[in-house]
Amino acid sequence: MECCFFFSRYFNSSDNNLQYWGLDYPPLTAYHSLLCAYVAKFINPDWIALHTSRGYESQAHKLFMRTTVLIADLLIYIPAVVLYCCCLKEISTKKKVANALCILLYPGLILIDYGHFQYNSVSLGFALWGVLGVSCDWDLLGSLAFCLAINYKQMELYHSLPFFCFLLGKCFKKGLKGKGFVLLIKLACTVVASFILCWLPFCTEREQTLQVLRRLFPVDRGLFEDKVANIWCSFSIFLKIKEILPHHFQIIISFCFTFLSLLPACVKLTLQPSSKGFRFTLVSCALSFFLFSFQVHEKSILLVSLPVCLVLSEIPFMSTWFLLVSTFSMLPLLLKDELLMPLVVTTIAFFIACATSFSIFEKTSEEELQLKSFSLSVRKYLPCFTFLSRIIQYLFLISVITMVLLTLITVTLDPPQKLPDLFSVLVCFVSCLHFLFFLVYFNIIIMWDSKSGRNQKKIN
Amino acid sequence: MAALGIAMGGGNWFSALALGVTLLKCLLIPTYHSTDFEVHRNWLAITHSLPVSQWYYEATSEWTLDYPPFFAWFEYALSHVAKYFDQEMLNVRNLNYSSSRTLLFQRFSVIFTDALFVYAVHECCKCIDGKKAGKELTEKPKFILSVLLLWNFGLLIVDHIHFQYNGFLFGLMLLSIARLFQKRHMEGAFLFAVLLHFKHIYLYVAPAYGVYLLRSYCFTANKPDGSIRWNSFSFVRVISLGLIVFLVSALSLGPFLALNQLPQVLSRLFPFKRGLCHAYWAPNFWALYNALDKVLSIIGLELKLLDPNKIPKASMTSGLVQQFQHTVLPSVTPLATLICTLIAILPSVFCLWFKPQGPRGFLRCLILCALSSFLFGWHVHEKAILLAVLPMSLLSVGKAGDASIFLILTTTGHYSLFPLLFTAPELPTKILLMLLFTTYSISSLKTLFSVPSFKKIKEKKDGRDLVLLLPVSLPKQGGRARTSRELPGRCTAFPA
């Protein structure tokens with residue numbers, strides 16, 4: 001509910017007084033909040049005036065705020081999901097509808113946007129429009145949509161590398177001397193133009209721009225803050241990196257790890273751009289950033305969840321598993337907001353919807369998990385490597401049991417006096433292990449996709 | 001893993017529907033609840049803390065026990081579970097006590113007791129024949145009926161937001177209807193007798209049961225032309241039915257008869273001092289009557305035909321529960337409403353007697369009894385419309401004409417329930433749920449019968465047409481209700 005501040009601040013400050021921004025999101029969020037503030041002023045001016053002081057919340061005002069999220073969702077995110085599912089190939093209409101339902105039922109986004117209160121669906125929706133545009137060969141519109149996404153929330157930069165590599169790959173394929181070069185120039189112009197348009201009011205003074213940039217990328221705040229299912233946070237259980245390493249060194253190693261982990265997938269995408277490879281690279285890139293990057297928040301897992309939702313129809317079992325873990329990783333945050341019952345209900349509903357729509361428990365063979373080529377390669381060296389799908393099924397069972405147990409423990413028991421954060425740390429650690437596993441898995445799929453990739457019909 | 005897969009995706013759509021709606025009910029736990037929440041908490045306290053002899057005399061709270069004894073015993077049973085949630089709610093002096101644990105317990109008790117409703121819907125689905133259905137699961141009548149009953153918007157908002165225990169009571173009623181369809185008449189009668197002693201509002205439909213059982217069960221055979229064969233009267237059946245009703249009533253009222261408290265119990269059950277209309281007018285005939293009276297009184301005052309001093313100060317639109325006198329039109333007494341109700345149900349009851357058409361005929365009569373009582377009854381709540389809507393769902397998947405009537409009835413009936421939830425946060429919920437339910441019911445029934453316009457009512461071969469237009473109630477700030485017209489069913493037994 002603290003977002004209600006923004007409305008009053010943006011409304012009360014004039015265009016010249018840009019020093020007073022309490023916000024650390026890019027300009028588009030500011031414009032959206034301003035729009036909502038105008039509507040709020042039209043309905044009831046008190047809401048804007050009174051919000052210079054904290055804590056006042058009438059029921060009607062709460063309803064208004066929640067409705068703005070719903071409207072943004074209806075206008076941007078939901079149409080993108082529906083259109084995406086309509087454009088899926090080689091599946092029946094019934095399955096398309098089921099797919100759309102499962103994506104929309106994803107608990108993480110619902111709970112964060114409507115429970116915790118944020119506008120993630122706007123930036124994710126724009127990113128999805130970008131994915132749609134680029135996959136269907138409307139490259140300029142796709143990149144424009146993605147620029148809007150970045151300018152709404154700077155965390156969308158997690159998705160920027162795959163976009164860049166995919167579009168670059170397309171340009172290379174068209175030939176750098178002819179059409180490809182033209183496309184490259186057009187894309188560059190689109191991106192630059194959209195950025196300029198969004199940042200125009202801020203470009204008046206250099207100091208302003210730097211101040212905003214400093215807010216957007218708070219490198220001073222350290223490697224991580226609070227508990228997050230990140231490598232650095234989990235590692236610091238054993239070794240307190242934050243205190244041992246100097247600050248600039250932390251930035252460097254974080255950068256190196258991130259870059260190294262996403263390099264293979266991105267190079268592959270540039271050399272062999274395909275729609276399927278693009279989506280999987282989105283997943284692995286975003287996951288690499290989440291695990292290794294600087295100042296990551298737990299809510300950033302939503303940036304990984306969106307691409308995973310997109311591949312739900314291709315690897316339903318692993319995607320459902322990932323989406324359940326991603327919701328679980330936000331457990332401490334959701335418990336703070338007293339969202340236990342909605343969490344349980346939406347997770348059960350999502351799980352049942354996915355399980356029945358995709359029959360995930362019947363799709364655990366190697367081929368279904370897209371690990372066939374990988375296991376064939378491994379079997380050249382280790383002939384006895386035949387138990388992959390069995391292992392994965394057992395891992396799933398253990399994982400679900402662990403998550404349920406941890407949830408029960410966190411809800412019912414009190415942590416010991418000496419370790420007050422024990423349960424949140426456990427949740428983060430367990431989630432981090434899961435994410436590492438998924439990182440490896442998605443990278444395997446991308447890298448071993450080469451044989452089937454050559455035979456597949458490539459998107460021109 | 002494969003076994004789990006089969007269990008999950010095995011096509012057990014009924015469980016999926018039931019589970020889905022249960023999850024939705026869990027999400028509705030923190031929503032607004034009305035004074036009925038405090039009513040039931042009070043009854044938990046009364047039945048737990050006080051001896052049986054005090055139950056119908058206790059009046060610390062304004063919400064005294066006004067349901068029959070079986071419901072009191074039900075609350076008593078619940079109270080034994082309640083003490084593990086929050087002992088404080090069982091204190092009679094803790095008026096308006098609503099800790100989070102109390103809320104959780106009460107809401108979960110409603111959700112849990114809905115299991116009986118789910119079972120009843122399952123039984124009702126068995127009575128539907130799906131021969132003319134399409135191959136697609138979602139086009140089968142059983143599926144549509146299950147959705148219309150399990151996900152019924154009216155029942156959801158009355159039970160799980162406004163807070164009442166109608167779920168399992170309607171479960172009992174639907175189960176007794178299902179038993180009558182399955183020709184298990186004794187069980188049907190028993191279930192209905194039990195139901196009456198849980199909530200006496202079901203007396204509205206008792207004539208249908210009585211006439212049907214007498215005519216179609218006690219007279220074991222008909223003459224070839226369908227009329228009654230007097231010598232096929234079975235005394236055994238009559239006596240066994242009577243015995244069932246007597247035993248159930250004895251079990252219910254017996255203890256209070258022994259304590260000489262029967263008059264007190266009856267006065268609590270039938271509070272005629274409460275006035276012709278409830279605080280929020282149910283959209284029935286008396287609402288129109290009151291409105292007309294108000295209009296005439298205003299006109300009379302303007303034209304100086306009435307003396308302002310003689311007009312009673314309290315008005316019917318003030319939202320209070322009291323007895324009033326009408327100013328211009330003659331005042332209405334409980335007896336008058338009873339007579340109007342009896343006249344309204346007479347045609348359908350006559351049809352049921354003279355030209356019985358098996359369980360379907362009984363169901364139509366039941367619906368008409370419910371509607372007539374709703375329209376002409378004394379102190380009717382708007383929630384009583386559910387008494388007609390839910391059984392009508394059973395008919396709606398059978399014939400196209402019934403489907404059209406059902407759509408009108410259910411849409412207006414549900415809309416008339418809107419004023420029950422007047423808080424701002426519930427506004428999007430109720431509008432969205434209503435839209436979803438209405439859209440689904442219209443589209444699914446249309447697909448089932450493929451009628452071009454749902455206003456067309458096909459002529460049926462047996463000639464019984466029912467045309468009902470229910471009142472559409474406007475927001476209760478004005479307290480106005482619009483036209484309602486009910487034409488009695490035409491039977492071939494009567495000359496045109």
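Biologist: Which residue forms a salt bridge with Asp402(B), and how far apart are the closest N and O atoms?

Modeller: Side chains of opposite charge can pair when their charged atoms come close. The cut-off used here is a side-chain nitrogen of Lys or Arg within 4 Å of a carboxyl oxygen of Asp or Glu. Asp402(B) forms its salt bridge with Arg364(B), at 2.9 Å between the closest N and O atoms. Asp402(B) lies in helix 17 (residues 400–415) of chain B and Arg364(B) in helix 15 of chain B, so the pair ties together parts 38 residues apart in sequence. Helices (H or I, at least four residues) and strands (E, at least two) are DSSP runs, numbered from the N terminus. Both Asp402(B) and Arg364(B) are buried. Buried means under 20% relative accessible area, exposed over 50%, and partly exposed in between (1.4 Å probe, protein chains only).

Biologist: What should I know about the numbering and the kind of model?

Modeller: This is a predicted model, in which local features need pLDDT of at least 70 and side-chain atom pairs count only at pLDDT 80 or more, while totals for chains, interfaces and linings use all residues. Residues are numbered from 1 along each chain as its sequence is written, chains are lettered from A and ligands numbered from 1 in the order written, and side-chain values use heavy atoms, without hydrogens and water.

Biologist: Where is confidence lowest in chain B, and where is it highest?

Modeller: pLDDT is the predictor's confidence in each residue, from 0 to 100. Chain B has a mean of 82, with 82% of its residues at 70 or more. The lowest mean, 30, belongs to strand 2 (residues 485–486) of chain B, and the highest, 95, to helix 8 (residues 166–181) of chain B. Over residues 451–496 of chain B the pLDDT is below 50, yet this stretch has 80 contacts in the model beyond near neighbours in sequence. A contact means heavy atoms within 4.5 Å. For the whole model, ipTM is 0.83 and pTM is 0.84.

Biologist: How many salt bridges does a search of the whole structure find?

Modeller: The search finds 13 over all chains. One of them joins Asp421(A) to Lys227(A), with the closest N and O atoms 3.9 Å apart. Asp421(A) lies in the loop between helix 21 (388–412) and helix 22 (422–447) of chain A, and Lys227(A) in the loop between helix 11 (206–216) and helix 12 (231–238) of chain A, so this pair ties together parts 194 residues apart in sequence. Asp421(A) is partly exposed at 39% relative accessible area, and Lys227(A) is partly exposed at 23%. Glu314(A) and Arg279(A) also meet in a salt bridge, at 2.6 Å from N to O.

Biologist: How many disulfides are there over all chains?

Modeller: A disulfide is a covalent bond between the sulfur atoms of two cysteines. The rule asks for a pair of cysteine sulfur atoms within 2.5 Å. The count is zero over all chains. For Cys26(B), the closest cysteine sulfur is in Cys354(A), 19 Å away, which is too far for a bond. Cys369(B) is in no disulfide either: its nearest cysteine sulfur, in Cys365(B), is 4.1 Å away. Cys26(B) is buried at 10% relative accessibility, and Cys369(B) is buried at 0%.

Biologist: What is the phi of His379(B)?

Modeller: Most residues other than glycine have a negative phi. His379(B) is not a glycine, but its phi is positive, about 50°. His379(B) sits in the loop between helix 15 (358–376) and helix 16 of chain B, and is buried at 10% relative accessible area. Phe117(A) likewise has a positive phi, near 80°; Phe117(A) is in helix 6 (residues 107–117) of chain A.

Biologist: How many residues of helix 16 of chain B are buried?

Modeller: In helix 16 (residues 386–396) of chain B, 11 of 11 residues are buried. Among them are Leu386(B), Pro391(B) and Ser396(B). Over chain B, 53% of the 496 residues are buried.
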